[in-house]
Amino acid sequence: MIEENQIHALDYLGLSAGVRLHWSEVRQQHWLLFPEGALALNSTAVAILAQCNGYHSFEAIATALEKQFSDVKESDLQDLLSYMMKRGLLINQAQL
Amino acid sequence: MIIERPLTLIAELTYRCPLRCPYCSNPLNYSDSNYRQELATEYWLKAISQAASLGILQLGFTGGEPLLRQDLEIMVEAAAKTGIYTSLITAGTLLTPDRAAKLRECGLDHIQISIQDSQAAKSDYIAGIPSFEKKLAAARLVKRLGFPLTINVVLHRHNLDRTEEILELCKTLEADRVELANTQYYGWALSNRDSLLPTPEQLERAKQAVAIAKQQRYFPMGVVYVLPDYYEKYPKPCMGGWGQKTMVISPNGDVLPCQVATSIPELTFTNLRNGTLEWIWFESEAFNRFRGIDWMDEPCRSCSRQTIDFGGCRCQALLLTGSATATDPVCHLSPEHHLILKAQEQGQGKQEFSPTFTYRSAKE
Ligand code: SF4
Ligand code: SF4
């Protein structure tokens with residue numbers, strides 16, 4: 001079970017300043033680019049990060065994702081968002 | 001052997017710099033005519049488009065002081081159009097509000113500013129010119145314009161005791177990321193090694209200060225702490241492995257696997273004027289010379305860590321042992337490890353004396 005307050009910390013996330021998505025034609029691969037780093041993204045991660053525009057709650061992203069991918073669990077979504085937050089790549093824009 | 005595509009291009013636009021840091025990684029002969037003939041804009045633009053086709057994702061504009069190139073904005077704009085992530089690595093003193101705003105417009109993604117210490121007089125002493133206040137102003141400007149800010153600091157005997165204050169200063173400046181790198185002993189730093197080598201106690205305290213900053217999450221994008229390899233058991237995986245991740249273009253257009261690779265005399269480097277980045281990466285002799293593990297001697301040849309640290313740094317091996325295929329003497333398994341122990345001792349012996357640096361300067 002995911003705790004209620006953990007979920008709310010994952011509401012209204014957006015990419016931090018200086019973080020952006022990039023499609024590399026040569027590598028045929030989506031990337032998240034940021035200061036001194038690059039993460040290769042699979043299609044689920046791209047879909048999740050595309051939803052991170054500061055206006056969507058965790059629940060809203062989870063619902064949107066379910067429609068697109070039948071096999072993605074809510075805990076996977078939570079893991080990805082928490083990881084990105086820990087690395088400073090996503091921030092809660094409701095606080096700004 | 002499968003050769004992966006490079007991730008990063010380091011563009012050393014010029015070796016000119018108003019500062020005179022005694023640990024500068026630019027070559028000792030940076031003022032030679034060969035480096036003064038800097039690559040023209042058109043070649044840099046060609047390199048940027050070749051980098052994009054090669055799949056490079058990160059491009060760092062550095063130097064010397066890259067802001068001394070008045071065509072920097074043109075290059076940033078061209079790189080941004082390809083989608084490559086662009087960083088400016090600057091000492092900060094020449095970052096005026098006008099240029100910073102223009103760079104923002106051109107699509108620059110990120111700015112790194114170096115500081116030398118937490119206090120003006122001490123920072124200026126290392127930089128060799130008054131520069132501290134300008135650096136702080138530049139850092140504030142970077143934040144005001146909405147860029148992510150990295151502050152980088154080279155650590156050595158004369159500032160390690162203020163690691164905590166340095167981190168506090170970075171926090172006040174609202175740095176998103178901090179890089180604290182212990183001095184690596186090549187070029188100028190090697191000539192000043194006895195005056196720069198820290199004590200183990202200093203390193204221990206610095207480590208604690210970094211741990212606190214990490215734990216308290218001072219910086220949203222983290223703190224990178226580059227260990228002083230003279231005091232480690234194993235060497236660093238230099239550049240993530242020779243010809244594995246990074247390409248460097250020096251101011252005259254020579255393409256190198258690492259910023260100090262010119263210190264290995266047996267290597268000849270292809271110039272951008274004579275070959276494409278793609279050919280240089282996959283085919284050139286210099287990039288293949290120490291790629292993978294086939295070039296290794298013992299003890300690396302039969303060691304289980306050979307794909308973890310790649311035998312350490314080739315330039316350090318050559319500079320200290322005289323052989324570029326030797327095990328990096330930093331490794332405790334190296335037959336030449338005594339060279340490192342001796343250097344440590346010599347450094348300790350000089351502890352009480354006030355430092356006498358050879359500041360970075362042009363040859364007469
Ligand atoms: S290390 Fe110092 S002298 Fe060397 S390029 Fe950087 S700022 Fe200039
Ligand atoms: S012997 Fe070579 S491969 Fe083994 S740990 Fe030392 S440097 Fe690394």
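**Exercise 1. Which cavity, by rank, is the space taken by ligand 2, and what surrounds this ligand?**

Step 1: the space taken by ligand 2 is the second largest cavity. A cavity is a set of points, on a 1 Å grid over the protein atoms alone, where a 1.4 Å probe fits but cannot get out; a molecule sits in one if more than half of its atoms lie within 2 Å of its grid points.

Before going on, note that this is a predicted model: local features need pLDDT of at least 70, side-chain atom pairs count only at pLDDT 80 or more, and totals for chains, interfaces and linings use all residues. Residues are numbered from 1 along each chain as written, chains are lettered from A and ligands numbered from 1 in the order written, and side-chain values use heavy atoms, leaving out hydrogens and water.

Step 2: list the neighbours, meaning residues with a heavy atom within 4 Å. Around ligand 2 they include B:Pro299, B:Cys300, B:Cys303 and B:Cys331.

Step 3: sort the shell by class. It splits into 7 nonpolar, 3 polar and 2 charged residues, where Ala, Val, Leu, Ile, Met, Phe, Trp, Tyr, Cys and Pro count as nonpolar, Asp, Glu, Lys and Arg as charged, and the others, Gly among them, as polar.

Step 4: check B:Pro299 itself. The peptide bond leading into it from B:Glu298 is cis, with omega near 5 degrees. B:Pro299 is in the loop between α12 (285-289) and α13 (306-309) of chain B; helices (H or I, at least four residues) and strands (E, at least two) are DSSP runs, numbered from the N terminus.

**Exercise 2. Which residues are around ligand 1, and where is B:Gly64?**

Step 1: the neighbours of ligand 1 include B:Cys17, B:Cys21, B:Cys24 and B:Gly64.

Step 2: by class, that shell has 5 nonpolar, 1 polar and 2 charged residues.

Step 3: B:Gly64 is in the loop between β2 (58-62) and α3 (72-82) of chain B. A cis peptide bond joins B:Gly63 to B:Gly64, omega being about 10 degrees.

**Exercise 3. How do α7 and α10 of chain B cross?**

Step 1: the axes of α7 (residues 163-172) and α10 (residues 200-215) of chain B come within 8 Å and cross at roughly 30 degrees. Axes are lines fitted to C-alpha atoms over the stretch in contact, with angles running from 0 to 180 degrees between N-to-C directions.

Step 2: so α7(B) is roughly parallel to α10(B), as angles under 35 degrees count as roughly parallel, over 145 as roughly antiparallel, 65 to 115 as roughly perpendicular and the rest as oblique.

How values were computed:
On a 1 Å grid over the protein atoms alone, a cavity is a set of points where a 1.4 Å probe fits but cannot get out, and a pocket is an open set with protein on both sides within 12 Å along at least five of seven lines; lining residues have an atom within 4 Å of a point.
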